[in-house]
Amino acid sequence: MTKLIHRYFHPLSGRLVFWNVLLLIFIKLVLPQSAFQFATLVGSIPTFDSREIIRLTNEARSANQLAPLSANSYLDIAAEEKLNDMAVQEYFAHVSPSGVTPWFWIQKAQYRYKVAGENLAIGFTNSQDTLNAWLNSPSHKANILNSQYRDIGVAVKGVKIGSTTGILVVQMFGSSTQTTKPPARVVAISNPTPSITPKSSPILITPTVSSQTKGEIIIEPELTTKELEINNQRISTDIQIPAVTEPSRVQFQDNENTKKLTEAVNNTFIIYSSIFALLSIIAFFVLEKNRHMALKMSLHAAIFILAVLVPVAEVTLRALIF
């Protein structure tokens, strides 16, 4: 045991110097690139509040002289059921692989709408970056700033979809035909996965104007081709908002969560390396004074200096909006 400790953990051990160099490289270069996945694994990145998404959305609307949206429990349920369906079936799209549109979930939650919309995001670590990405996309911005909407519902949850692990956000908008306010809590209907018949001709819900209602917008089913449904996915029943064809990749730098983790690990390593640098100096002068030991002492000191002077690599995270 004594030989083992002397071989691997002695402050002047060549193997310890080697492992400390590798640890320095890992902390400065490798850890920042995988910090978000690691932080998610250990739970140090909390799922940000869905109400914060609503608050920031209303701030954006107010800045554009639009009325704020009211949080709606029906739309919250619709957003949550859509989120769960995406997590279970592992897809990130407005239309599911079986052809289910966002409007199905809104109707299933018993929200009767004149107009409705949906924004999606995955991979962001905070509400502000999520909203900024939507506002930088013309279609998603048009959804947020649509003057026809009156209500909003949001669901947020950490998920793994394919190779993507991160926080999934479903934001739903609507203008209701109901005159009464929704209850504080609504029980969601079970069996969230619908059956679509026929699969080759799924149903999309789009707004049409009926001549019998004197211009009132009512919702009627309209059959579309699978190509139109999948390749041009509508994010709103408002035909003025253009459809989207695929998720957009967004790069951003997280300054709140992963940076804190990498800085904490880096500061710990600085303390660790300073201790070994000090011990190596003491061991050199007290135990062994020769050229070989002097080299190892110098390497320990160099590791400590590099730990202090070399900054942690800047991390650019990637997320998706749809």
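## Salt bridges around helix H4

In this predicted model, the side chains of Glu81 and Lys108 meet in a salt bridge, with an N to O distance of 2.8 Å. Glu81 lies in helix H4 and Lys108 in helix H5, so this pair ties together parts of the chain that are 27 residues apart in sequence. Glu81 has a relative accessible area of 10% and is therefore buried, the limit being under 20%, and Lys108, with a relative accessible area of 15%, is buried as well.

A salt bridge also joins the side chains of Glu118 and Lys82, at 3.0 Å from N to O. This pair links distant parts of the chain, since Glu118 belongs to strand E2 and Lys82 to helix H4, 36 residues apart. Glu118 counts as buried because its relative accessibility is 0%, and Lys82 counts as buried because its relative accessibility is 0%.

Arg51 forms a salt bridge with Asp76, in which the closest N and O atoms are 3.0 Å apart. Here Arg51 in helix H3 is linked to Asp76 in helix H4, 25 residues apart in the chain. Arg51, at 32% relative accessibility, counts as partly exposed, whereas Asp76 is buried, with a relative accessible area of 18%. A search of the whole structure finds five salt bridges.

## Helix H4 and its surroundings

Helix H4 covers residues 73–89, and twelve of its 17 residues are buried, which leaves the helix mostly covered. Among the buried residues are Tyr74, Leu75, Ile77, Ala78, Leu83 and Met86, together with the charged partners Asp76, Glu81 and Lys82. The buried residues of H4 pack against helices H3 and H5 and against strands E1 (70–71), E2, E3 and E4.

The length of H4 can be checked: at 1.5 Å a residue, its 17 residues should span 24 Å, and because its end C-alpha atoms are 24 Å apart, the two values agree.

## Nonpolar cores

The largest nonpolar core has 56 residues, and those with the most contacts inside it are Ile106, Trp134, Leu168 and Val169. Each of several elements supplies at least two residues of this core, including helix H3 (50–63), helix H5 (102–108), helix H6 (127–135) and strand E8 (317–321). Not counting residues up to four places away in sequence, Ile106 touches Leu75, Ala78, Tyr111, Tyr113, Ala116, Met172 and Phe173.

Apart from this core lies another, of seven residues, among them Ile27, Phe269, Ile303 and Ala307.

## Surface and overall fold

A nonpolar patch on the surface is formed by Ile271, Ile275, Leu278, Leu279, Ile281, Ile282, Phe285 and Val286, which together have about 760 Å² of accessible area. Ile271 has its place in helix H9 (residues 258–286), and at 53% relative accessibility Ile271 counts as exposed, because the limit is over 50%.

The chain contains ten helices and eight strands, and 45% of its 322 residues count as buried. The chain exposes about 17,200 Å², of which carbon and sulfur atoms supply 59%. Among contacts between residues at least 6 apart in sequence, 77% join residues at least 24 apart.

Terms used
Residues numbered from 1 in each chain as written. Predicted model: local features only at pLDDT ≥ 70, side-chain atom pairs only at ≥ 80, totals over all residues. Heavy atoms only, no water. Patch = residues over 30% accessible without salt bridge, like charges linked within 9 Å, V, L, I, M, F, W, Y side chains within 5 Å. Areas by Shrake-Rupley, 256 points an atom, 1.4 Å probe, with all protein chains shown as cover. Salt bridge = Lys/Arg side-chain N within 4 Å of Asp/Glu carboxyl O. Helix = DSSP H or I, 4+ residues; strand = E, 2+ residues; numbered from the N terminus. Buried < 20%, exposed > 50% of the residue type's maximum accessible area, 1.4 Å probe, protein only. Core = buried A, V, L, I, M, F, W, Y, C linked by side-chain atoms within 4.5 Å. Contact = heavy atoms within 4.5 Å. Expected span 1.5 Å × (residues − 1).
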